[in-house]
Amino acid sequence: MGNSAGVEELQACESHQWYRKFMTECPSGLLTFYEFKQFFGLRNLSDASNAYVTTMFSTFDMNDDGFIDFMEYVAALSLVLKGGVQQKLRWYFKLYDIDGSGCIDREELLQIIRSIRAINGNDCEMSAENFANMVFDKIDINGDGELSYEEFMEGVQNDEMLLKTLTESLDLTHIVQKIQGELRANI
């Protein structure tokens, strides 16, 4: 039991540091889309990449007020740092479902894949088109050209290669580590 007090103290100290970082970057207490892009060093993006970042911002803006407040920021960090596979896959689905229809079509998946690759600067063996086709061939069970939430969740969880690829492509821990490094430097 004595150990849990130490963990709680650490978490409280960490939360205080995250709060200081957030308030330093966003004195108003609200992160705008422009500040979000600056916060993560995203500049000179293509239209497709900018659309992806807009979608990412929207998924973190849980109350749809056009801003990310501190609680939304903490929830996003918690997802990245401590979220389980199910939580992350739910977030990925929401991110890929650009039009909010409840399904991911091939064009949405292709747009996100291209945007992620452009932002991450990754050169991949497989083209974005071939990757999108492979995903649909593997997990579009009913062949309707759309991935339902159920098809996506079940298909990705049952395919280790897809799960690994999606998880790695959307891994934001390098950004969190950068922020943590800045926090340590300011202590």
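**Close-up views of helix packing in a predicted model**

**Figure 1. Helices α5 and α8 cross at roughly 130 degrees, and their axes come within 10 Å.** The model shown here and in the following views is predicted. Helix α8 spans residues 149–157. An angle between 115 and 145 degrees falls in the oblique class, and α5 and α8 are therefore oblique to each other. The crossing in which α5 passes α8 is right-handed.

**Figure 2. Side view of the residues that join α5 to α8.** On α5, the participants are Gln86, Leu89, Arg90, Tyr92, Phe93 and Tyr96. They meet Tyr149, Phe152, Met153, Val156 and Gln157 of α8. Sorted by class, the contact of α5 with α8 comprises eight nonpolar, two polar and one charged residues.

**Figure 3. Helix α3 packs against helix α5 at an angle of about 130 degrees.** Helix α3 covers residues 47–60 and helix α5 covers residues 85–96, with 9 Å between their axes. This angle makes α3 oblique to α5. Here, too, the handedness can be stated: α3 passes α5 in a right-handed crossing. From α3, the contact draws on Tyr52, Thr55, Met56, Thr59 and Phe60. From α5, Trp91, Lys94 and Leu95 take part. The class composition of the contact of α3 with α5 is five nonpolar, two polar and one charged residues.

**Figure 4. Spans annotated as EF-hand domains in the UniProt record.** The unreviewed UniProt entry places the feature "domain: EF-hand" at residues 48–83, 84–119 and 127–162. In the span of residues 48–83, 72% is helix and 6% is strand, and the end C-alpha atoms lie 27 Å apart. For residues 127–162, the helix content is 67% and the strand content is 8%, while the end C-alpha atoms are 15 Å apart.

**Figure 5. The protein chain as the setting for these views, with 10 helices and four strands.** Read from the N terminus, the order of elements is α-β-α-α-β-α-α-β-α-α-β-α-α-α. The protein chain has 187 residues, of which 38% count as buried. Among contacts in the protein chain with a separation of 6 or more, 60% come from residues 24 or more positions apart.

Methods: Residues numbered from 1 in each chain as written. Predicted model: local features only at pLDDT ≥ 70, side-chain atom pairs only at ≥ 80, totals over all residues. Heavy atoms only, no water. UniProt positions renumbered as here; feature names shortened; annotations may be inferred. Helix = DSSP H or I, 4+ residues; strand = E, 2+ residues; numbered from the N terminus. Axes fitted to C-alpha atoms, helices over the stretch in contact; angles between N-to-C directions. Parallel < 35°, antiparallel > 145°, perpendicular 65-115°, else oblique. Left-handed = near helix turned anticlockwise from the far one by under 90°. Contact = heavy atoms within 4.5 Å. Nonpolar A, V, L, I, M, F, W, Y, C, P; charged D, E, K, R; others polar. Buried < 20%, exposed > 50% of the residue type's maximum accessible area, 1.4 Å probe, protein only.
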